[in-house]
Amino acid sequence: MPVEPALVLYYFPRACSLAAHIALEESGLDYQRRMVHLPSQQNRTPAYLTTNPNGAVPTLTIGEQTLTETQAILTYVGDQVAADKLLPPAGDLRRYRAHEWMNFLSSSIHTYVRSIFRSAVYAGDDEEVSIAVNTQGVNNLAKATEIVEKRLEGQTWALGDAFSVADTYLFVMYLWTTDERIASVPERPNWEALAKRVWLRPAVQRIVAIERQDRNYAIPWE
Ligand SMILES: N[C@@H](CCC(=O)N[C@@H](CS)C(=O)NCC(=O)O)C(=O)O
């Protein structure tokens, strides 16, 4: 029998890596986890930079191989289990819908929230530019939230009737939108309802409990 490659997820609690962490737990695959402490810059150590030169989480090592980027890792995990358990198969339009979601979350929502939480990434050390970046981040996030709301109208999950890796990503980004560092976010009942459905899944509660041992983040409706 072929030996499956060992999977190791590098993550930080409530970072975007939470989506991959949940997806791995949902998959039932055998994996290990290693916490990378971002506040003390463990992601900038030579050892970690060898694994992921971007110095970011998530990173998934697959035997000798390394995979970075949330979308790629979610797709990989989805493809390791039966089609439709976490991701529809190639050729099914819903698979491309999943990519539409994941890319939107990565390239729009994540970057808008980053411009609020860490405006210096875009503004450097210019205080005035930093304030402008933060303000524009709030505006961008408001527009993107309206798009999420429209797309989720009448949907149980991101792809319709079936849970997928896109929902794990929507869950994490929803948690971020509830952070008190964001000056304002429009009402988002559809997104909130989806996040609450994700939260009801046992795998999600297991992972949040594990992550909270290192960083006790809030689940807003708890
Ligand atoms: N495009 C990457 C972004 C990864 C990313 O920005 N990760 C953050 C945590 S949410 C991180 O590790 N930041 C540490 C740093 O940049 O110093 C993805 O989607 O995985």
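With 222 residues, a compact globule would be expected to have a radius of gyration near 17 Å, and this protein comes in at 17 Å, so the two agree. Keep in mind that what you're looking at is a predicted model. There are nine helices and four strands to find your way around, and the tour below takes them by topic.

**Overall build**
- Going along the sequence, you meet the elements in the order β-α-β-α-β-β-α-α-α-α-α-α-α.
- If you box in the C-alpha atoms along the principal axes, you get roughly 60 × 45 × 35 Å.
- Buried residues account for 48% of the 222 residues.
- Take the contacts with a separation of 6 or more: 64% of them link residues 24 or more positions apart.
- The accessible surface adds up to about 11000 Å², and carbon and sulfur atoms own 50% of that.

**Strand β1 and its neighbours**
- A good place to start is strand β1, residues 7-11, which is mostly covered, with five of its five residues buried.
- Which way do the side chains of β1 point? Leu7, Leu9 and Tyr11 go one way, while Val8 and Tyr10 go the other, and all are buried.
- One partner of β1 is strand β3 (residues 59-62), and the two pair in the antiparallel sense over four bridges. Here Leu7 sits opposite Ile62 of β3.
- Another partner is strand β2 (residues 32-35), which pairs with β1 in the parallel sense, also over four bridges. In this pairing, Tyr10 faces Arg34 of β2.
- Helix α1 (residues 17-27) joins β1 and β2 in a right-handed β-α-β unit.

**Helix α3, tucked in**
- Is helix α3 (residues 70-79) largely enclosed or largely open? Seven of its 10 residues are buried, so the rest of the structure largely encloses α3.
- The buried residues in α3 are Thr70, Gln71, Ile73, Leu74, Thr75, Val77 and Gly78.
- They pack against a mix of helices and strands: α1, β3, β4 (65-68), α4 and α7.
- So β3 turns up twice in this tour, as a pairing partner of β1 and as part of what the buried residues of α3 pack against.

**Helix α8 and its cover**
- Further along comes helix α8, residues 189-199, where the buried residues are Asn190, Trp191, Leu194, Ala195, Val198 and Trp199.
- A handy rule when you look at that list: an α-helix has 3.6 residues a turn, so residues three or four places apart point the same way.
- What covers the buried residues of α8? The cover includes the helices α4 (93-117), α6 (127-152), α7 (165-177) and α9 (202-212).
- Helices α4 and α7 may ring a bell, as the buried residues of α3 pack against them too.

**Aromatic rings**
- The structure holds five aromatic pairs.
- One of them is the edge-to-face pair of Trp157 and Phe163, with 5.2 Å from centre to centre and 80 degrees between the planes.
- Are the two partners buried or exposed? Trp157 has 10% relative accessibility and Phe163 has 7%, and since buried means under 20%, each counts as buried.
- There is also an aromatic cluster, made up of Tyr174, Trp191 and Trp221. You have met Trp191 already, among the buried residues of α8.

Conventions: Residues numbered from 1 in each chain as written. Predicted model: local features only at pLDDT ≥ 70, side-chain atom pairs only at ≥ 80, totals over all residues. Heavy atoms only, no water. Buried < 20%, exposed > 50% of the residue type's maximum accessible area, 1.4 Å probe, protein only. Pairing = 2+ DSSP bridges. Right-handed = clockwise from strand over helix to strand, strands pointing away. Rg over C-alpha atoms; globule rule 2.2 N^0.38 Å. Contact = heavy atoms within 4.5 Å. Areas by Shrake-Rupley, 256 points an atom, 1.4 Å probe, with all protein chains shown as cover. Phe/Tyr/Trp six-rings, centres within 6.5 Å; stacked < 30°, edge-to-face > 60°.
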